[in-house]
Amino acid sequence: MDSIYERLNAVFRDFFDDEDIELDADTTADDIDDWDSLSHITLMSAVEEEFGLTFTMGEVSGMKNVGEMAEIIKKRGKKV
């Protein structure tokens, strides 16, 4: 699971152009400047590309935090 968080950190840092981002399971959009509903969709596309998977609309809209995202990636990811 550590490698998932390392890769998610890299995606988030690149996407938000912020090297200080440090994700954990409880990280939410409220914790990261500029992570709003508009950027969420594009961010999810970047995460999908990194891990070689496609989230369902229910997964994208239902994720409450990065921990839930990591769990989905762990269960379904091809390139984890």
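In which loop is the place of aspartate 34? Aspartate 34 sits in the loop between α1 and α2. The model is a predicted one. This briefing covers that loop, a charged surface patch and the nonpolar core.

**Loop between α1 and α2**
- The loop joins α1, residues 2–16, to α2, residues 37–51, and aspartate 20 lies in it.
- Aspartate 17 also has its place in the loop between α1 and α2.
- Aspartate 17 is not a glycine, yet its phi is positive, at about 50°.
- A positive phi is found for aspartate 34 as well, about 75°, although this residue is not a glycine.

**Exposure of the loop aspartates**
- Aspartate 17 has a relative accessible area of 72% and therefore counts as exposed, the cut-off being over 50%.
- Aspartate 20 is exposed, with a relative accessible area of 69%.
- For aspartate 34 the relative accessible area is 62%, so this residue is exposed too.

**Negative surface patch**
- Asp14, Asp17, Glu19 and Asp20 form a negative patch on the surface.
- Two of its members, Asp17 and Asp20, are placed in the loop between α1 and α2.

**Nonpolar core**
- The largest nonpolar core consists of 23 residues.
- Leu8, Phe12, Leu43, Val47, Phe55, Met69 and Ile73 have the most contacts inside this core.
- At least two residues of the core come from each of α1, α2 and α4, the last of these spanning 66–76.
- The most is given by α1, which supplies six residues to this core.
- In soluble globular proteins, nonpolar side chains tend to be buried together.

Conventions. Residues are numbered from 1 along each chain as its sequence is written. This is a predicted model: local features need pLDDT of at least 70, side-chain atom pairs count only at pLDDT 80 or more; totals for chains, interfaces and linings use all residues. Side-chain values use heavy atoms; hydrogens and water are left out. Patches are made of residues with over 30% relative accessible area and no salt bridge: like charges are joined within 9 Å, nonpolar side chains (Val, Leu, Ile, Met, Phe, Trp, Tyr) within 5 Å. Accessible areas come from the Shrake-Rupley method with a 1.4 Å probe; for residues, only the protein chains shown count as cover. A salt bridge is a side-chain nitrogen of Lys or Arg within 4 Å of a carboxyl oxygen of Asp or Glu. Lys and Arg count as positive and Asp and Glu as negative; His and the chain ends are not counted. The place of a charge is taken as NZ of Lys, CZ of Arg, CG of Asp or CD of Glu. Helices (H or I, at least four residues) and strands (E, at least two) are DSSP runs, numbered from the N terminus. Buried means under 20% relative accessible area, exposed over 50%, partly exposed in between (1.4 Å probe, protein chains only). A nonpolar core is a set of buried Ala, Val, Leu, Ile, Met, Phe, Trp, Tyr and Cys residues joined through side-chain atoms within 4.5 Å.
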